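User: Please take one part of this structure and look at it closely, then follow its surroundings outward. I would like the cut-off of each term stated as you go.

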Amino acid sequence: EPVLPGPDWVKVKTRYGGICGSDMNVLFLDFNLAVAPLISLPFVLGHENVGVVAEVGRQVQGFAPGDRVVADPLFSCITRGIEEPCEFCQRGEYARCQNLSNGDLSPGLGIGFCRDTGGSWGESFVAHQSQLVPVPGNVSDEHALMADPVSAPLRAVLRRVPGDGDTVVVLGAGTAGLCTIAALRAVGSGSRVIVVAKHPFQGELARGYGADQAIILEDGDLLQEVARATGGRVLDSVLGKRLLVGGADVVYECVGSRSSVDGALRFARAGGRVVLLGMSAILKRVDWTSIWLNELDVSGYVWGDEETYQGRRVRTVQLALEWMAEGRLDLARMVTHRFALHECRKAFAVAARKARHCAVKPAFTFD
């Protein structure tokens, strides 16, 4: 049972704890060891969450027991009690915090990766009051659970919204890919969106969230399919890989596998952008040629954070919840499977074999 680390912390009784691909990577020992110094053992997994405040520290303001909340899992100088925040936290760029192993907490990227806080795969976890966002009354628990999964894609889209004349390729139609499509449409982008899905049921979901075209990975020649969809052309080679001339203005990579990252770089046009959203381990045999050959702009995002939207600085988790309340985002149907904690083996089997179960977001429930 986690205890409050300080007087400005709260304890949250979990209602839903999402099973994220990054959690599964930890279970299968397929996570990026480069971040190992930023994790403290033993920790309880689970960063996607929605719950009810159960206990508040004596300095907590604005929250009381019984309040339904989502905790933005990301740690920062504020949560760590650091009196002189790093340059990034001073600007509200908490995802770039330089003090992930300093301050009052053990090392940890966020809730679910730190031994002091617990995680949403437990009956309760603790969060700093600055991490909490109230859940609007008309937003269901299932819907609120998706505020964290959509927050990083929403941030990536808000950073540079594709224009109405742009062609966008989204690689992957799991949670991250579907949330990226939903985010594009929620911010009002009229770009042409092409999704590459591994399975037909994912392609159907992607079209439901606003994709204009779905390419199913198992059908045909992917490079040729992307070339046709984007108006590019394929150059053959007797010595190495084929080359795509033309391609998408923006590619969102939402899988994290070697083949997907490799494809993302190849599918972007000259001067295009590649946005990496799929969490991956250290990848071997990725061909980086396109970055310099086509002078690509490559960026990556893994957390939600504060962004500027219509002149207002707001956390993307909070913005997502507001848009859910307004009906602008409808992500509740992504929560396809629910499990009690004692059914964890079954939950992991479903999460690992999503095609067999037509699963998108499995979650643990604590009713």
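Analyst: Contact, as used throughout, means heavy atoms within 4.5 Å. This is a predicted model, in which local features need pLDDT of at least 70 and side-chain atom pairs count only at pLDDT 80 or more, whereas totals for chains, interfaces and linings use all residues. Residues are numbered from 1 along each chain as its sequence is written, and side-chain values use heavy atoms, with hydrogens and water left out.

The part I have chosen is the packing of helix α4 (residues 147-159) against helix α10 (residues 316-326); helices (H or I, at least four residues) and strands (E, at least two) are DSSP runs, numbered from the N terminus. The two axes come within 8 Å and cross at roughly 105°, where axes are lines fitted to C-alpha atoms, for helices over the stretch in contact, and angles run from 0 to 180 degrees between N-to-C directions. The helices α4 and α10 are therefore roughly perpendicular to each other, a label that covers 65 to 115 degrees, with under 35 counted as roughly parallel, over 145 as roughly antiparallel and the rest as oblique. On the α4 side the contact is made by Ala-147, Asp-148, Val-150, Ser-151, Leu-154, Arg-155 and Leu-158, and on the α10 side by Thr-316, Val-317, Leu-319, Ala-320, Leu-321, Trp-323 and Met-324. By class, these residues divide into 10 nonpolar, 2 polar and 2 charged, with Ala, Val, Leu, Ile, Met, Phe, Trp, Tyr, Cys and Pro taken as nonpolar, Asp, Glu, Lys and Arg as charged, and the others, Gly among them, as polar.

In α10, Thr-316, Val-317, Leu-319, Ala-320, Leu-321, Trp-323 and Met-324 are buried, that is, under 20% relative accessible area, against over 50% for exposed and partly exposed in between (1.4 Å probe, protein chains only). Just after this helix, Gly-327 takes a positive phi of about 85°. Within α4 sits Pro-149, which is buried too, with a relative accessible area of 11%. Leaving aside neighbours within four places in sequence, Pro-149 is in contact with Glu-48, Thr-175, Cys-179 and Lys-361; of these, Cys-179 is 30 residues away along the sequence, yet its C-alpha is 7.3 Å from that of Pro-149.

Cys-179 also appears in the surroundings of Leu-331, whose contacts beyond four places in sequence are His-143, Met-146, Val-150, Cys-179, Ala-182, Tyr-209 and Met-324. Leu-331, together with Tyr-252 and Leu-321, has the most contacts inside the largest nonpolar core, which has 56 residues; such a core is a set of buried Ala, Val, Leu, Ile, Met, Phe, Trp, Tyr and Cys residues joined through side-chain atoms within 4.5 Å. A second, separate core of 21 residues includes Val-169, Val-234, Val-261 and Ala-268.

Val-169 leads from that second core into the sheet, for its bridge partner in β7 is Ile-194, while Val-170 has Val-195 as its partner in β7. Altogether 5 bridges join β6 (residues 167-171) to β7 (residues 192-197), and the two run parallel; strands pair if DSSP finds at least two bridges between them. Because 5 of its 6 residues are buried, β7 is largely enclosed by the rest of the structure. The open sheet contains 6 strands in the order β8-β7-β6-β11-β12-β13, with parallel pairing. Its edges are β8 (213-216) and β13 (297-300), each of which pairs on one side only, and the twist averages 20° from one strand to the next.

Ahead of α10 in the sequence, β14 (residues 306-309) and β15 (residues 312-315) pair in the antiparallel sense over 4 bridges, with Glu-306 opposite Arg-315. They form a hairpin with 2 residues between them; Gln-310, in that loop, is exposed at 70% relative accessibility and has a positive phi near 50°. Cys-358, in the loop between α12 (354-357) and β17 (361-365), likewise has a positive phi near 50°, is partly exposed at 42% relative accessibility, and is in contact with Phe-201, Thr-336 and His-337, leaving aside neighbours within four places in sequence.
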